[in-house]
Amino acid sequence: MNIRSFDFRDEIGYTAGDMAGSFVNLYIEGYFLTFCTYVLGIKPQWMAGLFLTARLLDACLGPVIGSVPDRKHLGKSQDKFLPWIKLFSVPLALSGVLCFLAVPFEGNLLHLWAACCYLLYSICYSSASIPYGAMANVITADPGERGRLSRARSIGGTIVAFGALSLIPALCFDSDSNLLPGRFTMMAVIFGILSLVGYRLLSHLTIERLREQPHEKESYSFGKVLQAALKNRPLMGIMVATIGCMMALASNQLSSYIYKEYYHNTLAMTIGSLANLPALLICFPLIPRLSARLGKRRLVLTAIVFSLIINICKLAFPLSNMWLYTLLLCIANAGQTVFNMLIWAMVADCLDYSEWKLHFRSDGSMYGLYTFSRKLGSTLASAGAAAALSAVGYVSGSNIVQSSETVGRIYYLVNGIAVLVCVIELIGLAGIYNLDEKTCGLMYGELATRHDR
């Protein structure tokens, strides 16, 4: 059977696949805490416990979920990852709706409902997103084309984050910045439908071209996978940097609090999110060129240092001007956009590094181990954000007026987390990750020679 060559359709499909997961994932990560504390009246310290438990469980399950496609073939097609994505796409969309239902439960039943909904979402999202991420390595073996897939993936999530989700403050809060529960449920339904559409586009436009050899399945051993991962220095560096990157979710989760309580204007969140789109449009064609000239690692490090300087300024000099704060926030986010556009290509390099140095490859399992760092980072973000809210004196409830001391602490909390994110990213990429462009060129040259034999 003739399979078409890699082209723009694969990029569009892969972008749609990331948008599909992001419609549910980013909405829940950005607003589930807000919905539970304001609408359901659940205390933030209890939410911290839920996030910690669910995410640690999810992090431990990630490598197992990633190993399933390596061990078991699903369906009649020769595809390795797409069948698993299709299987969990509907439960994932449904879990997003359940998380934003204003149920009439109280007490233990209410807490049980919130816990079950979040656990369902966590498992379904991992079961769809891990095969999706590993799929890039079977779409193409060409480093340049994988770079285009990495850019496509980052674009998908960014469009959802700065496009669709930017509408939430305008649509789901009234003119006095009070939450409208029914609107949150309506948006969950819309995002669930869009998620299913995105996954359908992924399956129709993107092709798995690289097929496993039979001996690869026969020799599978998760112990070998773990051993190879621990010896993979660039993978360890990427995992540390990713923990920092995922901790940025805490700042995103708390953005609604800083705009509602500190600036008393949630509509500015929408304007600020939309303001990120011009930077995205600039980065989309510019980053591949800069990456080719400077190298992925050097470009990302430069961008992170840039973000760090801006975030330190916001933290050291509290801004009473909401629009100046929003402008600096957008500038800092531009640095993180560079990281997000290139991270997936760097992960693919790490998986190829395992084959190069250790003569071992198991993409699903290795990617599952990598996602452990993403889950750990998001665990620290979700649980930490909720716990920190309680620590600074935040009181749950839709009609509660927070003290001035609490409002001031929220400002320092959000911007302190942003600084910490950059520091952890620098530790991972500057101190541990060791794949520069020269080494990558040598690696891919030797791998190409091996594959031609």
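**Note on a predicted model: helices, loops and empty spaces**

1. Thr140 sits in the loop that joins helix 4 to helix 5. Is this residue buried or exposed? Its relative accessibility is 5%, so Thr140 counts as buried; the cut-off for buried is under 20%. The side chain of Thr140 also makes a polar contact, at 2.4 Å, with the side chain of Glu145. As the model is predicted, this distance and the other values below are computed from it.

2. Helix 4, on one side of that loop, covers residues 107-139 and has 33 residues. From its first C-alpha to its last, helix 4 reaches 49 Å, which is close to the 48 Å expected at 1.5 Å a residue. Where does helix 4 bend? The bend is at Gly133 and amounts to about 25 degrees.

3. Gly133 appears again in the lining of a cavity. The structure has three cavities of 30 Å³ or more, and the second largest of them holds about 110 Å³ of space. Its lining is made of 14 residues, and those nearest the centre are Tyr14, Gly133, Ala136, Trp344 and Ala348.

4. Which helix gives the most to the lining of the second largest cavity? Helix 13 does, with five residues. Helix 4 and helix 5 also supply at least two residues each. Sorted by class, this lining has nine nonpolar, three polar and two charged residues.

5. Helix 5, on the other side of the Thr140 loop, also takes part in an open space. The second largest pocket contains about 320 Å³ and is lined by 17 residues. Nearest its centre lie Pro143, Gly144, Gly147, Ser291 and Lys296.

6. Helix 5 (143-164) is one of the helices that supply at least two residues each to the lining of the second largest pocket; the others are helix 11 (267-294), helix 13 (322-358) and helix 16 (437-452). The largest share, six residues, comes from helix 5. How many residues of this lining are charged? Six are charged, while eight are nonpolar and three are polar.

7. A second loop worth checking lies between helix 10 (233-262) and helix 11, and His264 is found there. The phi angle of His264 is near 55 degrees, a positive value in a residue other than glycine. His264 has a relative accessible area of 59%, so His264 is exposed; exposed means over 50%.

8. Helix 14 spans residues 363-391 and contains 29 residues. Its first and last C-alpha atoms are 41 Å apart, close to the 42 Å expected at 1.5 Å a residue. A kink of about 25 degrees is centred on Gly384. Helix 14 is mostly covered, as 22 of its 29 residues are buried.

9. Ala391 belongs to helix 14. Is Ala391 buried or exposed? With 65% relative accessibility, Ala391 counts as exposed, because the cut-off for exposed is over 50%. Between the C-alpha atoms of Ala391 and Ala430 the separation is 33 Å, and these two residues are 39 places apart along the chain. Just after helix 14, Gly393 has a positive phi of about 100 degrees.

Methods
Residues are numbered from 1 along each chain as its sequence is written. This is a predicted model: local features need pLDDT of at least 70, side-chain atom pairs count only at pLDDT 80 or more; totals for chains, interfaces and linings use all residues. Side-chain values use heavy atoms; hydrogens and water are left out. On a 1 Å grid over the protein atoms alone, a cavity is a set of points where a 1.4 Å probe fits but cannot get out, and a pocket is an open set with protein on both sides within 12 Å along at least five of seven lines; lining residues have an atom within 4 Å of a point. Grid points are joined across faces, edges and corners, and a volume is the space filled by probe spheres set on the points. Helices (H or I, at least four residues) and strands (E, at least two) are DSSP runs, numbered from the N terminus. Ala, Val, Leu, Ile, Met, Phe, Trp, Tyr, Cys and Pro count as nonpolar, Asp, Glu, Lys and Arg as charged, and the others, Gly among them, as polar. The expected span of a helix is 1.5 Å times one less than its number of residues. The bend at a residue is the angle between axes fitted to the seven residues ending there and the seven starting there. Buried means under 20% relative accessible area, exposed over 50%, partly exposed in between (1.4 Å probe, protein chains only). A polar contact is a pair of N or O atoms within 3.5 Å; within protein, one must be able to donate a hydrogen and the other to accept it, and residues adjacent in sequence count only if both atoms are side-chain atoms.
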